[in-house]
Structures are given as structure tokens and as C-alpha cells.
Amino acid sequence: MKPIYRDHKIRASSKGLRPRTMEEVRVAFWVRVEKTSNCWKWIGATQPDGYGSVTFHGQRWPAHKFAFFLTHGKVTKGLFILHKCDNKGCVNPDHLYEGTTKDNARDASQRGRLNPHRGESCSTSKLTTQNVIEIRKRYRWYKVPASLLAKEYGVCRQLINGIIARKKWAHVS
């Protein structure tokens with residue numbers, strides 16, 4: 001194996017072992033993985049958000065991204081490494097794929113991880129679902145102006161306009 005850059009680092013143990021070849025890097029990485037029949041759990045360092053963490057070439061990498069790099073040879077610039085299994089700690093290359101920002105957002109939305117606090121469940125909400133239904137009804141049927149509705153419900157006119165246009169509180173029919 002060819003040696004890699006001299007400043008290369010990957011933490012392989014608490015003793016600070018720093019491998020010098022890509023084969024040593026692979027060994028040092030996969031030693032920190034608990035393989036099962038499904039997900040492969042990263043048992044090395046983790047970030048507060050639950051993702052594994054690896055230092056390579058002086059830069060911190062998410063462990064799943066580094067696993068993808070080790071098995072595919074590269075990570076396309078501007079793309080995310082996404083999990084098919086929805087397990088932050090999984091580094092199984094069969095569960096990882098490249099995706100765009102849009103893919104990542106769609107994936108998060110389909111799995112219920114995008115903005116779970118909407119409508120009344122949002123702690124800062126001044127309105128209830130029933131308020132929104134009444135606002136739409138009163139605007140549509142009784143032609144009550146948005147400015148008057150805003151004053152009555154203690155919110156801004158822009159919010160009322162967003163509710164009427166179904167850009168805000170769109171989940172309420």
C-alpha cells in the first residue's frame with residue numbers, strides 16, 4: 001500500500017494510534033463497527049446529534065459518510081450520504097446512498113422528521129386549529145378583512161393572509 005499524506009489522522013484507539021496507509025485506515029475504522037445481520041453500529045466517537053464521528057486529514061467526518069468513502073472511493077461534492085435504514089449510527093455501506101438536498105428533505109419528511117411541531121403543537125402558536133377554520137370561513141363567507149381578523153386573533157395581517165392562501169397552516173383543511 002502507498003503511504004498517504006503525512007498529516008493524515010484517524011483516531012483508532014484512545015492511545016492515539018495514527019495509521020499511515022489506506023489499508024490501515026480501513027482496519028482502524030472497521031474495528032470501531034459492531035456488525036450485525038442488518039445495521040452495522042458505529043461504536044466509536046459520536047456527536048451530540050447521534051451521528052458517529054471520525055477525524056481524517058485533520059477534518060471531522062460523519063462516520064457514515066466516511067464508511068461510504070472507504071467503500072466507494074469518493075463522495076460526490078455537494079451530495080449528502082443518506083441512510084436507507086434511518087439509523088444515525090449505522091455505517092453499513094449497503095444502507096448508504098448519495099442524495100441531493102431535495103432527496104434528504106423528502107426522506108426526512110416521509111419519515112416524519114421534518115418540523116414535527118406544527119400548528120397547535122408548536123409552543124409559540126397563538127392560534128388553534130379551530131381558530132384557523134373560523135378565520136378561513138369568516139374571510140370567505142362574511143368577507144371580514146384580514147386586518148380585522150389579525151387584530152381580533154392577536155396576530156399579524158401577513159399570517160392571516162398566509163392562512164387564507166393556505167401557505168400557513170396548510171395541514172388544516
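Visitor: Are Trp61 and Phe66 buried or exposed in this structure?

Guide: The structure shown above is a predicted model, and what follows is computed from its atoms. A residue is called buried when its relative accessible area is under 20% and exposed when that area is over 50%. By that rule Trp61 and likewise Phe66 come out as buried.

Visitor: How many helices and how many strands are there in the protein?

Guide: Reading along the sequence, one meets the elements in the pattern α-β-β-β-β-α-β-β-α-α-α-α. Counted up, these elements come to six helices and six strands.

Visitor: What percentage of the residues of the protein count as buried?

Guide: The protein exposes about 11,500 Å² in total, and carbon and sulfur atoms supply 52% of that area. As for the residues themselves, the protein has 173, and the share of them that counts as buried is 33%.

Visitor: Which elements do the buried residues of α1 pack against?

Guide: Helix α1 spans residues 22-30, and its buried residues are Met22, Val25, Ala28, Phe29 and Trp30. Packing is judged here by contact, that is, by heavy atoms within 4.5 Å. The elements that these buried residues of α1 pack against are β1 (33-35), β2 (40-42), β3 (53-56) and α2 (63-72).

Visitor: Why is the pair of Phe56 and Trp61 described as it is, and which kind of pair is it?

Guide: A pair of aromatic rings is described by the distance of the centres and the angle of the planes. The structure holds ten aromatic pairs. In the pair of Phe56 and Trp61, both of them buried, the ring centres are 5.8 Å apart. Because planes over 60 degrees apart count as edge-to-face and these planes stand at 80°, the pair is edge-to-face.

Visitor: What is the angle between the planes of Trp61 and Phe66?

Guide: Trp61 also forms an aromatic pair with Phe66, and the distance here is 5.3 Å centre to centre. This pair is again edge-to-face, and the angle between the planes is 85°.

Visitor: Which residues form one aromatic cluster?

Guide: The rings of Phe56 and Trp61 form a pair, and so do those of Trp61 and Phe66. These three residues belong to one aromatic cluster, whose full membership is Phe29, Trp30, Trp40, Trp42, Phe56, Trp61, Phe66 and Phe69.

Visitor: Which residue lies over the face of Trp40?

Guide: Two rings of the cluster, Trp40 and Trp61, have a lysine over the face. Over Trp61 this is Lys65, at 5.8 Å from the ring centre. Over Trp40, at 4.4 Å from the ring centre, lies Lys35.

Visitor: How many disulfides does a search of the whole structure find?

Guide: For Cys85, which is partly exposed with a relative accessible area of 27%, the closest cysteine sulfur is in Cys39. A disulfide needs the two sulfur atoms within 2.5 Å, and this pair is 3.7 Å apart, so the distance is too far for a bond. Over the whole structure, the number of disulfides found is zero.

Visitor: How many residues apart in sequence are the parts that Asp86 and Arg111 tie together?

Guide: Side chains of opposite charge can pair when their charged atoms come close. Asp86 and Arg111 form a salt bridge, with the closest N and O atoms 3.4 Å apart. Because Asp86 lies in the loop between β5 (80-83) and β6 (96-99), and Arg111 in the loop between α3 (101-110) and α4 (129-142), the pair ties together parts whose separation in sequence, in residues, is 25.

Visitor: Which residues are linked in a network of salt bridges?

Guide: Arg111, partly exposed at a relative accessible area of 29%, forms a salt bridge with Asp86. Arg111 also forms a salt bridge with Asp107, where the closest N and O atoms are 2.9 Å apart. Asp107 counts as buried at 8% relative accessibility, whereas Asp86, at 38%, counts as partly exposed. The residues linked in this network are Asp86, Asp107 and Arg111.

Visitor: Which residue meets Glu152 in a salt bridge?

Guide: The count of salt bridges comes to four, and in one of them the N to O distance is 2.7 Å. The pair links distant parts of the chain, 14 residues apart, with Glu152 in helix α5 (residues 146-153) and its partner in helix α4. Glu152 counts as partly exposed at 46% relative accessibility, and its partner is also partly exposed, at 23%. That partner is Arg138.

Terms used: Residues numbered from 1 in each chain as written. Predicted model: local features only at pLDDT ≥ 70, side-chain atom pairs only at ≥ 80, totals over all residues. Heavy atoms only, no water. Phe/Tyr/Trp six-rings, centres within 6.5 Å; stacked < 30°, edge-to-face > 60°. Buried < 20%, exposed > 50% of the residue type's maximum accessible area, 1.4 Å probe, protein only. Lys NZ or Arg CZ within 6 Å of the ring centre and 35° of its normal. Salt bridge = Lys/Arg side-chain N within 4 Å of Asp/Glu carboxyl O. Helix = DSSP H or I, 4+ residues; strand = E, 2+ residues; numbered from the N terminus. Areas by Shrake-Rupley, 256 points an atom, 1.4 Å probe, with all protein chains shown as cover.
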